[in-house]
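Grab a pencil and work through the exercises below with the model open next to you. Each task comes with a step-by-step solution.

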Amino acid sequence: MKIDWLPLVEMIRSHDRFLLTSHQRADCDAIGSEMALALILETLGKQVAIVNADGVPEHIAFMDPYGRVGVLGSSAPLEALRGYDVMIVVDTSAWGQLGGMAEVLRSFRGVKAVIDHHASEDDLGAQVFKDSTAEATGRLILQLAKELGVSLTPEIAAPLFAAIATDTGWFRFPSVTADTFAALAKLTAAGANPARTFAELFEQHSLPRLHLRGRILQQVTPECGGRMMWTHVTAADFSETGAQKTDTEDVINMLLTVKGVEVAVLFVELEPLVTKVSLRSRSGFDVNQLAAQFGGGGHKAAAGITFAGPMVEAQQAVLEAVRLAMGECGGK
Ligand SMILES: [Mn+2]
């Protein structure tokens, strides 16, 4: 699914002021893609602002060492967002993931573009540059840099390396190909530092995060004869451990380390009536399709749902749908 970059290259060449945004609860792919794209555009003499609906999560603060990412309403008031020629959304194609930036995008008068690798897609009223086979949006930004003739600097390479590293679970997901390593070689040659990136990503956790992880793992429940594993986090788990909402990141993948597991489900009580549901698969079972039944989406092997309702209701509804979709599930 090779992207035809020409329309975007022309869009970039013919405009001067760019507003970049991404999804809420940003990850390294979101921030890394924004940071690298901003630097690429600035190399071409463009003016660039990055504004998200919420701030950079604490545990990936290293991705934004100079505090470039503006937060809608606080460091970036709505009035300041007028006057941009082009608005580019990276790493999401879903209205529901943009938070307050959805309204900014809706009412934006200039040219709009989306650069993304998620299979699920809303009509954001923008020109879409998508490759759902790409491991990370960061990979697409690297392609775009080449198309624009911008050479890689350490400042561009480092966030893109982190973007690809995290979206591939440190190069272990099936999305990883020889091309992934070719891209990583380019980024490393340009100044990305794999050892430092690993330390920044995986060896800077807080003790509350470790404690929260302990609770989540303690509560893992097998179903379908062990083919499905699910677990949950309550608001009390967060407050009692002192962990952040973002501290659940990546823990779901640990459910897949148990032999025989095909599908993993994690329920996170974000608010009394908002439950985040994360789904992972490693058997070809399509969790994207399952998430779509609840208005969510993502990829075939990794998807999410934001469920409007108490966590128990989310558990009943989603687990029932998983059991049904998994077919023979008698060994409960
Ligand atoms: Mn991504």
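Domain bounds here come from an automatic or database domain assignment. The model is predicted, so local features need pLDDT of at least 70 and side-chain atom pairs count only at pLDDT 80 or more, while totals for chains, interfaces and linings use all residues. Residues are numbered from 1 along each chain as its sequence is written, and side-chain values use heavy atoms, leaving out hydrogens and water.

**Exercise 1. Find the two domains and describe how they meet.**

Step 1: split the protein chain into domain 1 (6–202) and domain 2 (208–325). Their centres, taken over C-alpha atoms, sit 26 Å apart.

Step 2: list who touches whom, with contact meaning heavy atoms within 4.5 Å. You get 10 residues from domain 1 and 10 residues from domain 2.

Step 3: work out the buried area (accessible area, 1.4 Å probe, that two parts lose on being put together, summed over both). It comes to about 880 Å², with carbon and sulfur atoms giving 54%. On the domain 1 side, Arg 25, His 59 and Ser 120 lose the most area to domain 2, together 47% of what that side buries.

Step 4: look for salt bridges, meaning a side-chain nitrogen of Lys or Arg within 4 Å of a carboxyl oxygen of Asp or Glu. Across this interface there are zero.

**Exercise 2. Work out what holds the manganese ion.**

Step 1: collect the donors (N, O and S atoms within 2.8 Å of the metal, or 3.2 Å for Na, K and Ca; water is not among the atoms, so sites may look incomplete). They are Asp 29 (OD), Asp 91 (OD), His 117 (NE2) and Asp 167 (OD), at 2.1 to 2.3 Å.

Step 2: read off the spacing along the chain, which is D-x61-D-x25-H-x49-D.

Step 3: place two donors in helices (DSSP runs of H or I, at least four residues; strands are runs of E, at least two; both numbered from the N terminus). Asp 29 lies in helix H2 (residues 28–43) and Asp 167 in helix H5 (residues 154–167), so this pair ties together parts that are 138 residues apart in sequence.

**Exercise 3. Track down a salt bridge inside one helix.**

Step 1: search the whole structure, and 11 salt bridges turn up.

Step 2: pick the one between Glu 103 and Arg 106, whose closest N and O atoms are 3.7 Å apart.

Step 3: check the location. Both residues lie in helix H3 (residues 101–107), three residues apart, about one turn of the helix.
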